[in-house]
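Me: Please show me the structure first. After that I have some questions about how it is built.

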Amino acid sequence: MTIDWLIPRFMPGNPVQVLLARAGLHAEAAKEMYSYYTRAFGLDLPIWKQYLNFWNALFHGDLGTSILLFPQPVIKIIMRAVPYDVFLLLPSILLSFYAGNKFGAFAARTKRLDNTILPLGYILTATPYMWLAILLTWALGIIFRIFPIAYAFSPSLEISFSWLFIGDLLWHWFLPFTSLFMVMFGGWAIGMRNMIIYELEADYSHYLEALGAPRKLVRRYAFRNAILPQITGLALQLGVIVAGALVTEVVFSYPGIGYLLLQAIQNQDFFLIQGCFLFIIIGVLLANFVIDIIYIIVDPRTRIGMVGG
Amino acid sequence: MIEQKNIKKSEKMDEIPIPKPKKINEFLYFALSNNRLKVGLTVVLLFLILALIGPLLTHYKWDAYVGPVYHPPSSEYWFGTTTFGQDVFTQFVLGLRASFLVGVVGGGIGTLIGVIIGFTAGYRGGIIDEFLNIITNVVIVIPTLAILIIIATYLKVRGIMTESIFIGFTAWPWAARAIRAQTFSLRSRDFVDMARMSGMKPLKIMFTEIAPNMMSYLLMTLILQFGGAILIAATLDFIGLGPTNAISLGLMMNLAVLWGALQLGMWWWFVPPGFAIMAIVGALYVMNVGLDEVFNPKLRKL
Amino acid sequence: MSLKVENLKAYYQTLYGDVKALDGATFTIKDGEIMGLAGESGCGKTTLGHSLIYLTPPMRFVEGSVELDDEELPVWDMKKMNTFRFKKISIIPQYAMNAMNPTRKIGKMTSELLESRRISFKTTLPELKRRLDLVELTHDVLNMYPIELSGGMKQRMVMVISTLLNPSLLIADEITSALDVSTQKAVAEMLIEFRDRKFVKSMIVITHDISILYQTADSIMIMYAGKLAEKASTGIIIHSPRHPYTKLLISSLPKIGVRYSEKKLSGIPGNTPLLLNPPTGCRFRDRCPVAFGKCVEEPPFIEIEKDHFVACWKEFGKNA
């Protein structure tokens with residue numbers, strides 16, 4: 001206990017270490033940034049040692065020991081939380097992307113549809129994640145008592161693969177998922193609607209129409225071409241989505257990395273904070289990488305450009 | 001989408017009664033007749049007015065315990081009271097002020113930095129562009145949360161200004177990218193080449209040829225940054241990294257959740273702040289679409 | 001086949017009123033005729049071409065009638081026109097180089113286009129290949145993306161696609177404008193070949209380059225400021241035009257062998273009138289060297305000799 005209490009006290013200079021850890025994450029994050037890496041390395045000589053220790057430990061898979069949940073190793077704590085995050089984020093991102101884009105394309109069909117869907121989309125995307133989460137909790141969790149309002153599963157149940165547990169899991173999962181989904185949905189719908197309009201005004205669209213191609217074909221082509229910048233947009237949005245997920249988890253006390261991070265912040269558990277960030281950044285990088293690959297597969301122009309055709 | 005009237009003979013179209021308008025008037029005409037712009041602007045202005053005069057209507061301090069606890073809205077406490085007996089309405093209007101401040105300062109700084117960097121990168125190109133690009137990418141990658149935590153540990157007392165400045169300094173990459181792209185496309189246009197060929201100095205070209213055409217774009221970027229700043233601030237406040245000596249809408253929601261407003265059904269505490277943010281930012285976005293239609297002739301519906 | 005156009009009008013809707021881009025065109029085209037459509041920029045030729053096949057806002061149909069092969073073309077009805085598009089009337093657009101979907105392989109796009117119009121790609125494929133050979137494109141292009149082709153190749157590809165279903169009328173809109181001279185010649189020859197092989201019955205070749213028309217067209221129609229000025233066989237237009245505008249146009253063409261010091265290159269002084277509020281009477285009045293009193297009345301487009309139409313009071317007098 002005393003050690004628990006001592007360590008935060010022990011860290012007046014630790015923010016600097018955290019900063020360096022950020023710098024370290026930078027070098028890892030941006031592979032082209034070797035110059036930055038060396039610069040950060042050479043900058044602070046005395047703390048060099050601490051820094052080196054950090055890296056040393058890192059390569060051994062040791063992210064340090066959590067202060068908050070002492071003496072559990074940070075990495076263990078994080079690994080426990082990661083599945084919940086993936087479970088929450090992956091479906092909501094993918095589904096909202098799919099549905100939102102389809103919907104946005106749909107909205108571009110007629111003026112009337114557009115006029116109703118457009119403001120709706122904008123309002124959705126302007127909704128702060130946590131407020132929507134709060135509203136849903138309040139409305140569906142408390143007033144109507146359909147869904148539970150906290151945690152990933154009922155405390156009374158044990159983790160197992162029984163149907164009962166899975167059902168309960170999903171039941172708890174639904175509200176946070178919905179709130180994330182709805183806000184992102186708005187964003188994609190809006191983006192897609194704009195891109196589709198642009199594509200429908202393109203030369204190839206006009207050519208097809210002049211040759212009497214049915215609207216469906218023209219729309220299909222427009223959609224496929226409009227998706228491309230949306231995919232790029234997805235990569236850029238990841239940072240924002242992470243923040244949104246974090247906040248949503250807080251509202252629902254959903255034990256993902258976001259929730260963990262918050263607790264770490266509130267308790268000044270620097271190692272935990274570092275660890276969480278590391279994971280988040282790795283996750284985002286990974287996702288970016290995957291998206292880049294997907295983009296190359298989907299857009300023939302980049303492929304050809306790359307082969308030097 | 002293409003509606004062609006099914007007629008053989010057409011009626012003579014009524015001439016819209018405008019004598020040859022000058023350029024400014026043309027924009028004004030479209031601006032005034034654009035519904036989205038009007039609605040969006042109205043909503044924003046409404047909230048702005050509320051923010052400005054609201055605090056004058058209430059004589060409470062936001063954190064003073066002024067009344068009965070958990071009190072629903074009544075004639076005396078328009079938005080009810082919190083679990084501590086603080087007046088929610090006071091908190092609300094003060095929070096509104098805070099949000100607008102963040103929007104202006106944060107959005108303003110963000111746009112300013114973004115414009116400077118984006119413009120220079122787009123116009124000069126080459127090495128300067130590469131260099132600025134690297135900086136932009138670095139800033140995008142930095143988890144803003146991390147920096148904020150560090151700042152939070154250092155500064156025991158944080159004000160709204162600090163938060164706004166911080167947001168401005170971390171949110172500019174988006175604006176920079178957009179401005180850079182726009183500058184690129186404008187820079188290779190013919191009228192710029194003409195100016196260059198006639199020997200104008202680069203700075204002069206920037207101001208007299210390119211900038212006016214970017215004005216509309218700049219305005220729209222500013223609006224987006226404004227809205228974005230408000231949202232970011234709300235998120236930061238919500239996780240407790242916001243101002244320590246003032247109230248904001250995000251903070252209201254934070255406190256509400258923290259003190260069990262949900263379970264107690266105190267909707268007057270947590271519904272208004274989020275609603276206000278949603279309405280203001282949403283209105284800003286809609287306004288933006290309207291502005292886009294005004295400035296971009298191709299999008300106008302005749 | 002024949003094309004009969006009567007008093008066709010199409011205007012552009014703008015904030016300040018209608019721009020009368022095409023203000024009453026009446027003419028006919030015979031079976032197998034390649035008619036060139038020429039004039040200055042903004043004279044309405046592209047509008048005329050588009051009004052026959054594909055009118056989009058802000059362009060709108062005002063009045064007139066069009067008959068193709070003795071069948072009425074419902075040019076004012078976007079939906080009804082679809083049955084005619086591609087099959088009976090087709091277009092090679094001005095933006096042919098960008099006309100193909102950049103993210104679709106050309107063959108795939110063509111097949112999807114055909115299938116969507118209820119035509120089996122499989123049965124059309126052999127003919128498609130034959131035509132590719134004709135325009136000297138390898139069959140491999142079907143497996144390529146548009147960016148892999150050069151400008152000229154894309155142009156030829158679009159030519160093949162647009163004429164694949166043997167339309168009665170083909171509208172070729174400025175198809176040589178962006179090409180170099182030798183490619184221009186090749187394209188021009190291809191047009192004639194398409195007609196001779198009966199891929200296309202008749203054509204309207206829109207261009208501002210009269211020299212191309214000289215080699216390709218059977219007849220030429222000159223437009224000015226939204227109205228028709230003259231229509232006659234190519235030989236007559238080039239060598240003995242009647243309308244003052246045509247005369248000036250032809251004489252302003254540089255001729256090979258003539259040097260600047262010997263004969264100055266003459267242009268036509270003045271500018272075309274704005275079509276928002278066009279002047280009454282003959283629209284060429286202000287720039288015409290032989291304008292006289294009657295010109296404040298609008299001259300009708302009349303046949304002054306067989307297959308030779310002119311809209312000029314001066315010329316009517318000569319033949320009347």
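The questions and replies below go through the chains one topic at a time.

Reply: This is a predicted model, in which local features need pLDDT of at least 70, side-chain atom pairs count only at pLDDT 80 or more, and totals for chains, interfaces and linings use all residues. Residues are numbered from 1 along each chain as its sequence is written, while chains are lettered from A and ligands numbered from 1 in the order in which they are written.

Me: How many helices and strands does chain A have?
Reply: Helices (H or I, at least four residues) and strands (E, at least two) are DSSP runs, numbered from the N terminus. From that end on, every element in the run of chain A is an α. The count for chain A is 13 helices and zero strands.

Me: Which element of chain A gives the largest share of the side that touches chain C?
Reply: Two residues are in contact if their C-beta atoms, placed from the backbone, lie within 7 Å. By that rule 19 residues of chain A are in contact with 24 residues of chain C. On the chain A side, α9 (203-210), α10 (215-252) and α13 (300-307) each supply at least two residues. The largest share, six residues, comes from α9(A).

Me: Which helix gives the most to the largest nonpolar core?
Reply: A nonpolar core is a set of buried Ala, Val, Leu, Ile, Met, Phe, Trp, Tyr and Cys residues joined through C-beta atoms within 7 Å; buried means that 20 or more other C-beta atoms lie within 10 Å of a residue's own, these atoms being placed from the backbone. The largest such core has 244 residues, and those with the most contacts inside it include Leu260(A), Ile230(B) and Val205(C). With 17 residues, the helix that gives the most is α11 (residues 267-295) of chain B.

Me: Which element of chain B has the lowest mean pLDDT?
Reply: pLDDT is the predictor's confidence in each residue, from 0 to 100. Chain B has a mean of 75, and 78% of its residues reach 70 or more. Among its elements, helix α3 (residues 88-124) has the highest mean, 85, and the lowest, 65, belongs to helix α5 (residues 144-154).

Me: In β9(C), which residue is the bridge partner of Leu37(C)?
Reply: Two strands pair if DSSP finds at least two bridges between them. Strand β3 (residues 34-38) of chain C pairs with β9(C) in the parallel sense over four bridges. Within that pairing, the partner of Leu37(C) is Met221(C).

Me: And which residue of β10(C) is the bridge partner of Met221(C)?
Reply: Strand β10 (residues 227-233) of chain C pairs with β9(C) in the antiparallel sense over six bridges. There the partner of Met221(C) is Lys231(C).

Me: How many residues of strand β9 of chain C are buried?
Reply: In a regular strand the side chains alternate between the two faces of the sheet. On one side of β9(C), Ser219(C), Met221(C) and Met223(C) are buried, and on the other Ile220(C), Ile222(C) and Tyr224(C) are too. For this strand, residues 219-224, the count is six of six.

Me: At about what angle does α1(C) run to β2(C)?
Reply: β2(C) belongs to an open antiparallel sheet in the order β2-β1-β4-β5, and α1(C) lies across β1, β2 and β4. Axes are lines fitted to C-alpha atoms, for helices over the stretch in contact, and angles run from 0 to 180 degrees between N-to-C directions. The angle is about 75 degrees.

How values were computed
A residue is buried if 20 or more other C-beta atoms lie within 10 Å of its own, exposed if 12 or fewer, and partly exposed in between; C-beta atoms are placed from the backbone.
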